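Student: Could we go through this model together? I would like to see how each label follows from its cut-off.
Tutor: Gladly, let us start with the terms and then test the values against them.

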Amino acid sequence: MVVELISVGTELLLGNIVNTNAAWLAEQCAALGLSCYYQTVVGDNEERLSGILETGLGRSDVLILSGGLGPTQDDLTKETAARVCGKRLVEDAHSLARIESYFKQRGLHMTDNNRKQALVPEGAIVVDNDNGTAPGIILEKDGKRIILLPGPPNELLPMFEKSIAPYLLSLNPDGAAVIYSRTVKICGLGESGVESLITDLEALKNPTVAPYAKTGEVHLRVTARAADEKSAKKLVKPVVKELEDRFGRAVYTTKNGVTLEEAVAKLLEKNGLTAATVESCTGGLLAGRLVNVSGVSKVFKTGFVTYSNKAKRKLVGVRKETLEKYGAVSPQTAQEMAVGGAKAAGADVAVSVTGIAGPDGGSEEKPVGLVYMACFVRGNVWVEKFRFNGNRAKVRESSVAAALTLMRRCILEVFK
């Protein structure tokens, strides 16, 4: 089937909101084996939206619209879709009861315009919204489908996963009823390098292998479609094993939902280690990533933010001579930060980050994006040099991902 994505909202056209829904929906549709040839963004304008719907129905099997289902006058998606399909709007008692309950449970006053969200095109399939007030709607016209989803991602994502994905699978002519995915997550390797090693696997049809670049990581999603979950898992398993064999230690997990910081925390716990962080340019972001992990207090002792030279000296014992001779951004300073941080915290492992995040402060010798890191693991020390591109936020984000990867690699070197 051919699916088309239509994002509704003038705020998207003005750039006030980043259109993350379209990217996520495109990814989900690809995983379902649907072909997506067109994506459109249209403002809150009935005439233009009508034209987009008419065009879409002429070239695609399924139209998925997001946004414009709210209670205000400029929310026109449902009304326009109903008009294009020749349907009148009727009040859905079930949806109205859910909307009233939503407000009552939260102790909020329900205004009259919220009843508008309970109006649905006659004969449409109504999809419950467990996280908001606007229900989803599925319309059929001449063998084509129009699916209307709420705009807020915290409503759209769970609705799609729970109700829309199974509905789309039920339309599939090949009889596949289940889709199953596992993600092989790789750190320390770039996207192009990873992809060059999986070109043969990317040619597979079922299961499929799709790479996704993240900051400091590459994720390979292996997806199979089959009549039941057991059969789908059986198709996925050998491909995941092949990827593990090809990438070895660079694979930090093959379990869905596991993050890099979780993998590092589990590695620390497995080996009975405690850790500390010493940060300059990242200013606590690295510690923040580790603290994202529930239960990390078992292994994470403390994080030092040593942004100034004085803090580097006072908190983790970097020598004044080192700072004067080599500067704050240097391999020598990074090493002393890591060693001193481990000693100050009484930790087995410490990782340090010092660099120039920009946009100012760079020089020909030490340009913006230059970052040094060091990792101390029970008397062993590694120092690495990095050059990151992008703005200040991107340099800091890349530094954190690289520091977690360095931490993991160094622990594996000692505890093989």
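Tutor: Helices (H or I, at least four residues) and strands (E, at least two) are DSSP runs, numbered from the N terminus. This is a predicted model, in which local features need pLDDT of at least 70 and side-chain atom pairs count only at pLDDT 80 or more, while totals for chains, interfaces and linings use all residues. Residues are numbered from 1 along each chain as its sequence is written, and side-chain values use heavy atoms, with hydrogens and water left out. By the DSSP rule the protein chain has 15 helices and 17 strands. Its C-alpha atoms fill a box of roughly 80 × 50 × 45 Å along the principal axes.

Student: What makes a set of grid points a pocket, and what is the volume of the largest pocket?
Tutor: On a 1 Å grid over the protein atoms alone, a pocket is an open set of points with protein on both sides within 12 Å along at least five of seven lines; a cavity, by contrast, is a set where a 1.4 Å probe fits but cannot get out. Grid points are joined across faces, edges and corners, and the volume is the space filled by probe spheres set on the points. The largest pocket comes to about 700 Å³. Lining residues have an atom within 4 Å of a point. There are 30 of them here, and the closest to the centre are Trp24, Glu27, Gln28, Thr183 and Arg221.

Student: Which elements supply at least two residues of that lining?
Tutor: They are α2 (20-31), α6 (153-170), β9 (178-187), β10 (208-214), β11 (217-226) and α10 (260-270). Helix α6 gives the most, with 6 residues.

Student: How do the lining residues divide by type?
Tutor: Ala, Val, Leu, Ile, Met, Phe, Trp, Tyr, Cys and Pro count as nonpolar, Asp, Glu, Lys and Arg as charged, and the others, Gly among them, as polar. On that basis the lining has 13 nonpolar, 8 polar and 9 charged residues.

Student: Why is Asp348 called buried, and what is Arg378 called?
Tutor: Buried means under 20% relative accessible area, exposed over 50%, and partly exposed in between (1.4 Å probe, protein chains only). Asp348 has 19%, so it is buried, whereas Arg378 has 44% and is therefore partly exposed. Asp142, at 71%, is exposed. Buried residues make up 50% of the 416 residues in the protein chain.

Student: How do you know that Asp348 and Arg378 form a salt bridge?
Tutor: A salt bridge is a side-chain nitrogen of Lys or Arg within 4 Å of a carboxyl oxygen of Asp or Glu. The closest N and O atoms of Asp348 and Arg378 are 3.5 Å apart, and the pair counts as a salt bridge. Asp348 lies in the loop between α14 (331-345) and β15 (349-355) and Arg378 in the loop between β16 (370-377) and β17, so the pair ties together parts 30 residues apart in sequence. By this rule there are 20 salt bridges.

Student: What makes Arg246 a partner in two of the pairs?
Tutor: Arg246 meets Asp200 in a salt bridge at 2.7 Å, N to O. That pair links distant parts of the chain, Asp200 in helix α8 (residues 199-202) and Arg246 in helix α9 (residues 229-247), 46 residues apart. Arg246 also forms a salt bridge with Glu242, with the closest N and O atoms 2.7 Å apart. Glu242 and Arg246 both lie in helix α9, 4 residues apart, about one turn of the helix.

Student: Why is Val383 eligible for a nonpolar surface patch?
Tutor: Patches are made of residues with over 30% relative accessible area and no salt bridge; like charges are joined within 9 Å and nonpolar side chains (Val, Leu, Ile, Met, Phe, Trp, Tyr) within 5 Å. Areas come from the Shrake-Rupley method with a 1.4 Å probe, and for residues only the protein chains shown count as cover. Val383 has 31% relative accessibility and lies in strand β17 (residues 380-387). Val339, Val381 and Val383 make a nonpolar patch of about 170 Å².

Student: What is the omega of the peptide bond from Asn206 to Pro207?
Tutor: Omega is near 10°, and this bond is cis. Another cis bond joins Gly358 and Pro359, with omega about 0°. Most peptide bonds are trans.
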